[in-house]
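This report describes the surface, the fold and one local site of a protein chain. Please view the sequence and the structure together with the text.

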Amino acid sequence: MRRPSHHHHRLPDMGHSSTSMYGEGGQDPQNLVGTEGMPFPARRPQRPRIKFTLEEDELLIELKEKKNLTWKQIADFFPGRNPGTLQVRYCTRLKTEGISWTREMDERLLDALKSYEDEKWRIVAQRVGSGVTPMGCCNRVWELFNDDLDDAPQFQFTPQEG
């Protein structure tokens, strides 16, 4: 029989004495906030928190890439944020991919995007039905969203041969 997995949540402070699981003073020995050579922690956020600031992003990059801290240690520098939130932010928005884009890759990317744009209007026209053309759909979308812009250029549609 499998043992149930457990989720680990931080329990609220129950007002215990200064002697805790971390010993005298109740400080986590891995908490590096205030340690010489470490940057100051970010200020406590005001609720509700939506976006990371540029300063927080810079601090997160410094702590992960230059100080090589664990996510738990990094979270100590971000009051109100948990290790998982910080890891997701770093891995999805801040960490460099490590890929060097070549001119050939750029050209393939732009070709794929142009092909997608052309194909997109063909798919839209098929779904609308009633004999509308891809260019007709493209123009109608432009009219719907830009009817107050008399001088705006029309979308360009390049028919594919074949």
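## Nonpolar surface patch

Ile99, Trp101 and Leu109 make up a nonpolar patch on the surface, with a combined accessible area of about 330 Å². Such areas come from the Shrake-Rupley method with a 1.4 Å probe, and for residues only the protein chains shown count as cover. A patch takes residues with over 30% relative accessible area and no salt bridge (a side-chain nitrogen of Lys or Arg within 4 Å of a carboxyl oxygen of Asp or Glu); nonpolar side chains (Val, Leu, Ile, Met, Phe, Trp, Tyr) are joined within 5 Å, like charges within 9 Å.

Leu109 belongs to helix H4, residues 103-128. With a relative accessible area of 47%, Leu109 is partly exposed, that is, between buried (under 20%) and exposed (over 50%), with a 1.4 Å probe and protein chains only.

## Basis of the model

The model is predicted: local features need pLDDT of at least 70, side-chain atom pairs count only at pLDDT 80 or more, and totals for chains, interfaces and linings use all residues. Residues are numbered from 1 along each chain as its sequence is written, and side-chain values use heavy atoms, with hydrogens and water left out.

## Overall fold

The protein chain has five helices and zero strands, where helices are DSSP runs (H or I) of at least four residues and strands (E) of at least two, numbered from the N terminus. Of its 162 residues, 20% count as buried. The chain exposes about 13600 Å², of which carbon and sulfur atoms supply 53%.

## Surroundings of Lys72

Lys72 lies in helix H2, residues 71-75, and is partly exposed at 28% relative accessibility. Its C-alpha is 5.4 Å from that of Pro83, eleven residues away in sequence.
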